[in-house]
Amino acid sequence: IYPQVYAQAGLISRTGWLYGFFAARSRAMYRGAHHIITATQGLAREIASEAPHVDVDCVYNGFPASLGEREATKRDRFTACFHGVLGFFQDVDTLIEVARQVQRHGVDVVVIGYGRKEDALRSAQLANLHFLGRLSFDETMSVIERCHVGLCLRPNDDVSKDAFPVKVWEYLGLGMPSIVTPHCEAGEFLEQHGCGTQLPAGDVDAIVAALLRLKTHKDERDAMGANCRAAAGRYTREQLGVEAASLIAEVWRAIPE
């Protein structure tokens, strides 16, 4: 659905010829496929509307099984974390304002990543906001697993509403409660399984309140962490890779010679 993503990011116009060209090429690929596998249910619905006669299945991204085996000692100060590419669909302004407001409550915010919005983090000048820049996957997980709550803050757009960001899968795999914006597919999963909270995009007061509640109520936080481990057990990349391969093999066997 990249024409839609580019338009949502303001890179091309929905009424322009470039959007029309990309959209037509996308539809041709969808309609010419034997089968389509997507990473979210929202993408599956989007593609099914473009190619109603093609079978579409969702196989989530999941997380490496090794994350479920990690048991790190948490940081002494209550810490929220945020990691990933700092691009068009990351609400970095809200993240910085949340960090500013929780500073007086003894809450730290750790951010790992790179991209077009990293300068805002470098210039924030908040004692409790620790921006570590770009790290390897192993280095990132070593930092993240010592935090208490994962943040996934995105703006209120159609792309984000259909999203299940990989960072949320990694929080789940590490047994870490999450707070996500906006209301989206990932947020529905978290609330359905008791693993976290979804809130309106940009609602700083609500995000701060959710963070402080988790800081104060350790029993609730621990219960959410246990729920994360329980819910995430069947969503490892190893298991999901087999699921995707099985779908491909099934389609392959059904194609006439």
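Leaving aside its neighbours within four places in sequence, with which residues is L172 in contact? The views below take up this question and others for a predicted model, in which local features need pLDDT of at least 70 and side-chain atom pairs count only at pLDDT 80 or more, whereas totals for chains, interfaces and linings use all residues. Residues are numbered from 1 along each chain as its sequence is written, and side-chain values use heavy atoms, with hydrogens and water left out.

**View 1. Surroundings of L172.** Neighbours within four places in sequence aside, L172 is in contact (heavy atoms within 4.5 Å) with F164, F189, L190, C195, C228, R229 and A232.

**View 2. The largest nonpolar core.** A nonpolar core is a set of buried Ala, Val, Leu, Ile, Met, Phe, Trp, Tyr and Cys residues joined through side-chain atoms within 4.5 Å, where buried means under 20% relative accessible area, exposed over 50% and partly exposed in between (1.4 Å probe, protein chains only). The largest such core has 32 residues, and those touching the most other members are F164, V168, W169 and L172. At least two residues of this core come from each of β4 (108-114), α6 (137-144), α8 (166-173), α9 (185-192), α11 (218-232) and α12 (237-254); helices (H or I, at least four residues) and strands (E, at least two) are DSSP runs, numbered from the N terminus. The element that gives the most to this core is α8, with 4 residues. Another core, of 31 residues, lies apart from it and includes L151, L153, I179 and L211.

**View 3. I47 in helix α3.** Helix α3 spans residues 41-50 and contains I47, which is buried, with a relative accessible area of 7%. The C-alpha atoms of I47 and R27 are separated by 8.4 Å, the two residues being 20 apart along the chain.

**View 4. The largest pocket.** On a 1 Å grid over the protein atoms alone, a pocket is an open set of points where a 1.4 Å probe fits, with protein on both sides within 12 Å along at least five of seven lines, and lining residues have an atom within 4 Å of a point. The largest pocket has a volume (the space filled by probe spheres set on the points, which are joined across faces, edges and corners) of about 1,100 Å³. Its lining comprises 38 residues, of which Y2, R154, A163, P165 and V166 are the closest to its centre. The largest share of this lining, 4 residues, comes from α1.

**View 5. The second largest pocket.** This pocket holds about 240 Å³ of space, and of its 14 lining residues E71, K74, L174, G175 and D222 lie nearest its centre.
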